[in-house]
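Visitor: I would like to go through some of the labels attached to this structure and hear the reasoning behind each of them.

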Amino acid sequence: MRAGRESTLRKARGAAVAAALIAAVLCGACGVALADDAKPPAADDEKANLDEAFKKLPGYEFGQSRLPLTTVADAVREASGDPKARAATERRLLAVLETGATADAKRFVCRQLRLIGTAASVPALAKLLDDKALSHMARFALEPMSDPAAGAALREAMGRLDGERLIGVVNSLGRRRDEKAVGALVKLLGAKDVPVAAAAAAALGKVGGADAAEALADARAKAPPKLKPVVTDAWLLCADRMVEAGRRQEAAAVYEKLYAPDEPAPVRIAALRGLVAAGGADAAPRLVELLKGDDARLRATAVRCVREVEGPAATKAFASALPSLSPSEQVLLLEALAARADPVAAPAVLKAAGHENEEVRVAAVKALAPLGGKAAVGPLLALATGDGKVADAARGSLARLRGKGVDESLLKRLSTADDAAARVELIRALGLRRTDAAAGALLKAAGDENASVRGAAIEALGRVAGRKELDKLVALLVAAPEDQRATAEKAVLAACSRISDKDACASVVVSAAAKAPGPVRATLLRMLGRIGGKPALKALLAATRDDDPAVADAAVRTLATWGDPAPADELLKIARGAARPAHRILALRGYVRMAGMGRPSPTKLVAALKRAAQLAQRPEEKKLIIGALAGVGHLDALKLAANYLDENAVSREAASAAMRIIGRVAKKHPSASVEVLEKIVKTTTDKRLKKQASEALKKLKPKAGKRGRALPPTALPALAAACLPAVAAAAKGTATVPARDPAGAAAAEKLGWRLGVQAYTFRKFTFFQAVDKAAALGLKVIEIYPGQRISAERKGRTHHGMSADDLAAVKARLDDAGVKAVCYGVVGLGRDEKAHRRVFDFCRKMGIETITTETRPTELLDKLAGEYGISLALHNHPNSWPPAKVLAACKGRSRRIGACADTGHWMRAGINPVEALKQLRGRIVSLHFKDLNKMGRGAHDVPWGTGVGDVKAMLAELHRQGFKGVFSIEYEHNWSDSMGDIARCIACFDRIALELAGQGG
């Protein structure tokens, strides 16, 4: 009896799981809420995987599968923020050190202990300091530990180690800045082993302090030639530490000794910079003397030090040295003076603006922006009316010119300027400065007799005009000649974007449209779509019945792209009765799009789509309707989708949608589901869909019972297994995801951009779940990373060493979901050709196009990339592969070697992602595209367009470069529930792609 009850319970649980899987199918096109959320792999499974990994870890040797290491490393990361979990994980790692584990396994453990090790790890690591094979990894783990026991272990080891092990420990003590080690380090300065003495000197420099400085000074006086440069560097570093500690006089004394004339030039240069940093009273005079001196190297150093000395007296002294410098040095000094932003330098800089050398003139003109003030307006205006680099620099400086009275001076000159070119430059400057007080003058200038002046004034008004000036700005648009209408339109829209009362903006435009001639009226109606609001919608609805065909056309097109479902009923009327076929098509497409807005109930949504289906004649509109049906768990949705199975032009789409719907309705409507599945098998020419439908029938048909009877619970697990591969929008962890905009996806495709997801985004889920999530989001490509569990049923993990059976299962799942694996990484490529080929062979079998790695490219790897036709993309973390290093590594290599640009890690490293993209032009292979909440460490991912990354600027730069390739969304935040955030990323990407492709509204 007990066994029978357990069997029944197991069946019930299996049925419940399957029901949850089916109910969790994500709505595709219309954002219908899910019935339930599936969860990541169970905690019991994760614990079992971790136990298995720790079991295998002691026997690990380099070249074997790294999957156990990846599992343990993930656990270490997860435990780092939880003291209890951290202590437990640390104990398990220490247990490996205490066994007969391989050296490679112990090295790995040391790396992990560096991350989470505490005082409890010190004894075990201290023992390893004597081990020739493991000493460096042990001190690597001890080095960052804050507990005093770690420092004590390293200091104690100095007394018993020699050679490279001693040097390593000394280096670690230096990095720890361990003051208790100074006495022992001083003794080592006299060691006969020069490398040991050099390491001791370097460590003393890092530790700093009076005792270290004194010891280094004594050692330098008697150091052999090979050791003296190292001791000198250490002494300089020791002085730098004094400056940091506020002991500037002591530091200056060291620098003065090293600045002596008989010291080598590099030492004097370093000492000079130190003297400036120490802030001695004679720093400025010393720099001025050097600026006017004959030593070119010291003169260049002095120019670079100008920014660091404070005070107007210093500024005046530095500026006086300008004439004595070469043109290239003058450019550097002018840039330094600009950075000081001290107006005292303005007269000298103004004089330099007339220099015979163009580069000097450009630098001087740019420097006037922070320095020149009101007095610079006239000279800059005279230069801005010319041509070339100097004129461009003058325009920029006019727009950025600082100082009291600058705006007033610009306005006064505008009112009196006779020269049209001067008026244009003054107007541009006032607009770029966003001078609100200039609105009246700009409106007046918009009526100027000179066309260039009028155009500049209208453009500037877009940056300056507010609600008060909007009526007049719109009137200018109405009156503008055709060749200036686009400029006026942009100006009005720019002004409206800044005005908070959108209804007021729309009312102004509506009022103007009522009196405007046809072509202008059409322009104004299109603008209403960008402004929005009730007055705009009311005017557009009325304009659809306008006698002027151009006006009616503009109104229909604008309504069809409206941002909410308010005009849906009117669009349906147009779709039914418009005289022009184009209007019927546009209105119907708009109606279908709006049907899913606002999360309507399944009944309401299907009813709307039925109305649309009655009007759809072309395959394009029918596909839109089918796509909207695909995510609706309703019997009527299934019936409507099934109606299209006999139409060859849309049969495949209908079959795919029907399979997805069946995954949600089969429990309540098994007989209807069987009928549709049989029809799919009979009608579809798609082999994959036919196979899936046949498998579903085998599971479902015997269980369906009498017509109309609900599906027995015991049938649900089998049905889930048969249907879910076809359900491309399986939920797996989110409540609602809106459909991807087809127009945006098409625009991205037009640009040559493929948007996908890095599976690491879903690292808390299985790979199969990650694939389903990608499909649910409307993404067609994915990047695999090594180490993700394949599925709940399979214990294997995604890796280039996975079994043939797992590989086949992964490929089948990708095919079923309509998702292609295009990238693989981040993955190490090993040390030899055999290891390299193992990765390349795997990628070839998977059809992968790009390997994402941090392995330095070699001639062999370049050769293999060409042989296999697979690119290598160097991935950057915050401390690896900055743009300059990538470019250096790619020099002389084929174009298959380049960057995987991780924009998020750039921001964490303080690198401007737009500038980094510019730097890597021509060498970007793929991207891990991100936006973060802030720059620097501790930042996290946010939906694109809401962070500090300037997504639009990044995409515009890639478009400018003509980049064509894969963008992987790697969203490393809200790990268990990120689908909504990712959908927002996709929407942002598609919206900008539309604009860049020239299709935006």
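Guide: What follows takes up helix packing, backbone geometry and buried residues in turn, and the model is a predicted one.

Visitor: Why is helix α29 called roughly parallel to helix α31?

Guide: The axes of α29 (residues 482–498) and α31 (residues 518–531) come within 11 Å and cross at roughly 30 degrees. Angles under 35 degrees count as roughly parallel, and α29 is therefore described as roughly parallel to α31. The crossing of α29 with α31 is right-handed.

Visitor: Which residues meet where α29 packs on α31, and how do they divide by character?

Guide: From α29 come R485, E489, V492, L493 and C496, and they meet P519, V520, T523, M527, R530 and I531 of α31. The residues of this contact divide into 7 nonpolar, 1 polar and 3 charged.

Visitor: What makes α7 and α9 roughly parallel to each other?

Guide: Helix α7 (residues 135–142) and helix α9 (residues 163–176) pack at an angle of about 10 degrees, their axes being 10 Å apart. Since the limit for the label is an angle under 35 degrees, α7 and α9 are therefore roughly parallel. On the α7 side S135, H136, R139 and L142 take part, and their partners in α9 include E164, R165, N171 and R176. The contact of α7 with α9 divides into 2 nonpolar, 5 polar and 5 charged residues.

Visitor: In the loop between α9 and α10, what is notable about the phi of R177, and why is R177 called partly exposed?

Guide: R177 is not a glycine, yet has a positive phi of about 55 degrees. Most residues other than glycine have a negative phi. As for exposure, the relative accessible area of R177 is 37%, and partly exposed is the label between 20% and 50%, so R177 is counted as partly exposed.

Visitor: How do you know that W881 is buried?

Guide: The relative accessibility of W881 is 5%; buried means under 20%, so W881 counts as buried. W881 lies in the loop between β5 (871–875) and α48 (883–890), and its phi, near 50 degrees, is a positive value in a residue other than glycine.

Visitor: What joins G825 and V826?

Guide: A cis peptide bond joins them, with omega at about 10 degrees, and V826 lies in the loop between β3 (820–824) and α46 (833–846). Most peptide bonds are trans.

Visitor: Why does V96 count as buried, and what is V96 in contact with beyond its neighbours within four places in sequence?

Guide: V96, which is in helix α4 (residues 83–97), has a relative accessibility of 5%; the limit for buried is under 20%, so V96 counts as buried. Leaving aside neighbours within four places in sequence, V96 is in contact with F54, L57, P58, A101, K106 and V109. The C-alpha atoms of V96 and K55 are separated by 9.3 Å, although these residues are 41 apart along the chain.

Visitor: Which residues touch the most other members of the largest nonpolar core?

Guide: They are F318 and L524, in a core of 245 residues. Helix α11 (residues 194–207) gives the most to this core, with 9 residues. Not counting residues up to four places away in sequence, L524 touches V474, L477, V478, V509, A512, A513 and A516. Apart from this core lies another, of 84 residues, among them L777, A817, L920 and C988. In soluble globular proteins, nonpolar side chains tend to be buried together.

How values were computed. Residues are numbered from 1 along each chain as its sequence is written. This is a predicted model: local features need pLDDT of at least 70, side-chain atom pairs count only at pLDDT 80 or more; totals for chains, interfaces and linings use all residues. Side-chain values use heavy atoms; hydrogens and water are left out. Axes are lines fitted to C-alpha atoms, for helices over the stretch in contact, and angles run from 0 to 180 degrees between N-to-C directions. Helices (H or I, at least four residues) and strands (E, at least two) are DSSP runs, numbered from the N terminus. Angles under 35 degrees count as roughly parallel, over 145 as roughly antiparallel, 65 to 115 as roughly perpendicular and the rest as oblique. A crossing is left-handed if the near helix is turned anticlockwise from the far one by less than a right angle, and right-handed if clockwise. Contact means heavy atoms within 4.5 Å. Ala, Val, Leu, Ile, Met, Phe, Trp, Tyr, Cys and Pro count as nonpolar, Asp, Glu, Lys and Arg as charged, and the others, Gly among them, as polar. Buried means under 20% relative accessible area, exposed over 50%, partly exposed in between (1.4 Å probe, protein chains only). A nonpolar core is a set of buried Ala, Val, Leu, Ile, Met, Phe, Trp, Tyr and Cys residues joined through side-chain atoms within 4.5 Å.
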